[in-house]
Amino acid sequence: MFIVPQPRPPAHTAAPAFEGRRWPCRLYPGDLSHTSRFRADLRRDLSELAGLVIDTADDLVLCASELYANAVDHSRSGEPDGHVIRTLTMPTADRLRVGVIDDGHRTNSPHPPMLPEIPRTAPLDGEWAERGRGLLLIDHLAAAWGSRAVVGFPFCEGLGTFLWAEFAHTDATVKAVS
């Protein structure tokens, strides 16, 4: 009797893009020491998408890292026991949307809750050299981005922000055939 080796199936097969595709949401502690895990999980999820151009994946991971860092830095997510939720969806077959949901307005902040916006001028104290360019980076790399309150009722203001960025998905396998 001969034993014939059987080819192993791949660990997972990448699926084609389709409108409405959703990956499971992922929950992370609101601590920047978890950024590498955040990135690795996102790369693993993106590897499930057939034909994703590597540059698009790199831009998406970079921008998602900025979204995560903003949530930790500017919201209650960065306080003890804070969390950040990461989402990944395809609103259309040719768009990828990554988003983060923070824990809301910091309890000890003297400022009222507000949605993120791109800084239009550099701070006078020199902080611009080290910080404050994350949203500019997202604005440059993403096809679109935005934010909204998690709960849209005025009496729920400050309970959390959903910040997202979209990227064009052009299937590299389709381009190669054309």
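A residue is called exposed here when its relative accessible area is over 50%, and buried when that value is under 20%. With that in mind, begin the tour of this predicted model by selecting His140, which is found in helix H3, residues 134-141. His140 has a relative accessible area of 65%, so this residue counts as exposed.

From His140, move to Cys63, which lies 77 residues away along the chain, although the C-alpha atoms of the two residues are separated by 9.8 Å. Cys63 is buried, because its relative accessible area is 0%. Select Cys25 next for a contrast: with a relative accessible area of 54%, Cys25 is exposed. While the cysteines are displayed, note that the structure holds 0 disulfides.

Now show the sheet. Five strands form this open sheet, and following them across gives the order E1-E2-E3-E5-E4, with antiparallel pairing. Strand E1 (26-29) and strand E4 are the edge strands, each of them pairing on one side only. Between neighbouring strands of the sheet the average turn is 20°, with direction ignored.

Within the sheet, select strand E2 (residues 83-92) together with E3, and you will find an antiparallel pair held over 6 bridges. Thr89 has Arg97 of E3 as its bridge partner. On the next step, E3 (residues 95-101) pairs with E5, again in the antiparallel sense, over 7 bridges, and here Val98 stands opposite Ala165 in E5. Continuing to strand E4 (residues 144-149), you reach 6 bridges that join E4 to E5, the two strands running antiparallel; Arg148 is the residue to pick out, since it stands opposite Phe162 in E5.

Why is strand E5 described as largely enclosed by the rest of the structure? Select residues 161-168 and the reason appears: 7 of the 8 residues of E5 are buried.

Next, bring helix H2 into view, which lies across E1, E2, E3 and E5 and runs at about 170° to E5. Then add helix H1 (residues 35-46) beside H2 (residues 54-74): the axes of the two helices come within 10 Å and cross at roughly 145°, and the crossing is right-handed. To display the contact, select residues of H1 including Phe38, Leu42 and Leu46, and residues of H2 including Leu60, Val61 and Tyr68. Taken as a whole, the residues of the contact of H1 with H2 divide into 8 nonpolar, 2 polar and 3 charged, and among the charged ones you can pick out Arg39 and Arg43 of H1 and Asp58 of H2.

Note on methods: Residues numbered from 1 in each chain as written. Predicted model: local features only at pLDDT ≥ 70, side-chain atom pairs only at ≥ 80, totals over all residues. Heavy atoms only, no water. Buried < 20%, exposed > 50% of the residue type's maximum accessible area, 1.4 Å probe, protein only. Helix = DSSP H or I, 4+ residues; strand = E, 2+ residues; numbered from the N terminus. Pairing = 2+ DSSP bridges. Axes fitted to C-alpha atoms, helices over the stretch in contact; angles between N-to-C directions. Left-handed = near helix turned anticlockwise from the far one by under 90°. Contact = heavy atoms within 4.5 Å. Disulfide = S-S within 2.5 Å.
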